[in-house]
Amino acid sequence: MSKEKEENNKDLTDLPVIGQDKLIKEVSRIFEIFSKSKGQIRPHFILTGESGSGKTFTINSLATKHEMNFLEINAAQLTKEGTSGNSLSKALSGLLNVKDLTIVFVDEFDKLYISGNSNDSIAHESTVGVQNEFLTLLESKTTQVFGDYGKYIKVPVDKTLFIFAGAFNNETNITLDRLREIGLKTEFLGRVGLVYNTTKLSLEDLYKIVDNSDLLNKYTKLFNTDFEEVSSYIKGYISRFYEKNTLGARMINTLIQQYFIKGGVLNLDDAEEITFQDTLEL
């Protein structure tokens, strides 16, 4: 292994991401290609994985490591251009404030394909329209974004790498064929033909996240409690409900908040009134 590759691998171990080693290596390679080619090669890709597995955090951390701009937009909140709401041109207005290489992370992209809260024909028409707008965007060197005073401003997108992420009903190991079945167009997959999946966080991964929790550290200092003692208590609760956990790593912050707010106990079914006092003690 070359000295440069050894150094790159060493840098990857310093990332604050737990449980996604394989994904980190693959995506880091993509970012390296994107960077070295100065944006001339743009391997757009789709990122799937269950909620709370660290999709956004992993990509944001890698963008920071590679010194690239990071812009996140939520596809579930997008409406077709010309429809009242948050159009793609508005969501991409952040491109006005960045230069050089940019990572655009399109979260909840699956909501444009998988039926959710509404079967309304107008809602369906809008999501189809947004899909087509993304397709047009991938074929363009520039796009119009919503600027000040309601004016549209042309910005370059030829040095922008798009990542389309979603839980896709928490299906595992999704393939291109499965994405086509879900509803992604062949034309779209022809331009975004790479698919990566996050790995389900193991119990050990969740334990590591607890041990490295900045939120838990702040709480234990504020309440003058023992970090290891609280950490052990929360780990026990995570172990008990691991198989039923649908929040992934997000479960941890929820448990930490409840532990301290409810006086040092965890009971998700407890609906007792929460009060705050002048002095903070358990």
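**Figure 1. Glu-108, Asp-110 and Lys-111 are linked in a network of salt bridges.** The model shown here and in the other views is predicted. Within the network, Glu-108 pairs with Lys-111. Their closest N and O atoms lie 3.6 Å apart. Glu-108 is partly exposed, at 27% relative accessibility. Lys-111 is partly exposed as well, with a relative accessible area of 39%. The structure holds 10 salt bridges. Side chains of opposite charge can pair when their charged atoms come close.

**Figure 2. Arg-29 and Glu-32 form a salt bridge in helix α2.** The N to O distance is 3.3 Å. Both residues belong to α2, which spans residues 21-36. They sit 3 residues apart, about one turn of the helix. Is Arg-29 buried, partly exposed or exposed? Its relative accessible area is 47%, and the cut-off for exposed is over 50%, so Arg-29 counts as partly exposed.

**Figure 3. A salt bridge joins the side chains of Glu-171 and Arg-178.** Here the N to O distance is 2.8 Å. Glu-171 has a relative accessible area of 25% and is partly exposed. Arg-178, at 30% relative accessibility, is also partly exposed.

**Figure 4. Helices α9 and α11 pack with their axes 10 Å apart.** Helix α9 covers residues 214-222, and helix α11 covers residues 250-261. The angle between them is about 10°. The two helices are therefore roughly parallel to each other. From α9, the contact draws on Leu-215, Leu-216, Tyr-219 and Thr-220. From α11, Asn-253, Ile-256, Gln-257, Phe-260 and Ile-261 take part. By class, this contact has 6 nonpolar, 3 polar and no charged residues.

**Figure 5. Helix α10 packs on α11 at an angle of about 125°.** Helix α10 runs over residues 227-240. The axes of α10 and α11 are 11 Å apart. That angle makes α10 oblique to α11. The crossing is right-handed. Which residues make the contact? On the α10 side they are Val-230, Tyr-233, Ile-234, Tyr-237 and Ile-238. On the α11 side they are Met-251, Ile-252, Leu-255, Ile-256, Tyr-259 and Phe-260. The residues of this contact divide into 11 nonpolar, no polar and no charged. Ile-256 and Phe-260 of α11 are among the residues that meet α10. Ile-256 and Phe-260 are also among those that meet α9.

**Figure 6. Helix α3, residues 55-65, carries six named buried positions: Lys-55, Thr-58, Ile-59, Ser-61, Leu-62 and Ala-63.** The charged residue Lys-55 is one of the buried residues. Glu-67 comes just after α3. What phi does Glu-67 take? Its phi is positive, about 55°.

**Figure 7. The whole protein has 11 helices and 9 strands.** The protein has 282 residues, and buried residues make up 41% of them. How many of the contacts between residues at least 6 apart in sequence join residues at least 24 apart? The share is 72%. Helices α9, α10 and α11 from the views above belong to this set of helices. So does helix α2, home to the pair Arg-29 and Glu-32.

Conventions: Residues numbered from 1 in each chain as written. Predicted model: local features only at pLDDT ≥ 70, side-chain atom pairs only at ≥ 80, totals over all residues. Heavy atoms only, no water. Salt bridge = Lys/Arg side-chain N within 4 Å of Asp/Glu carboxyl O. Helix = DSSP H or I, 4+ residues; strand = E, 2+ residues; numbered from the N terminus. Buried < 20%, exposed > 50% of the residue type's maximum accessible area, 1.4 Å probe, protein only. Axes fitted to C-alpha atoms, helices over the stretch in contact; angles between N-to-C directions. Parallel < 35°, antiparallel > 145°, perpendicular 65-115°, else oblique. Contact = heavy atoms within 4.5 Å. Left-handed = near helix turned anticlockwise from the far one by under 90°.
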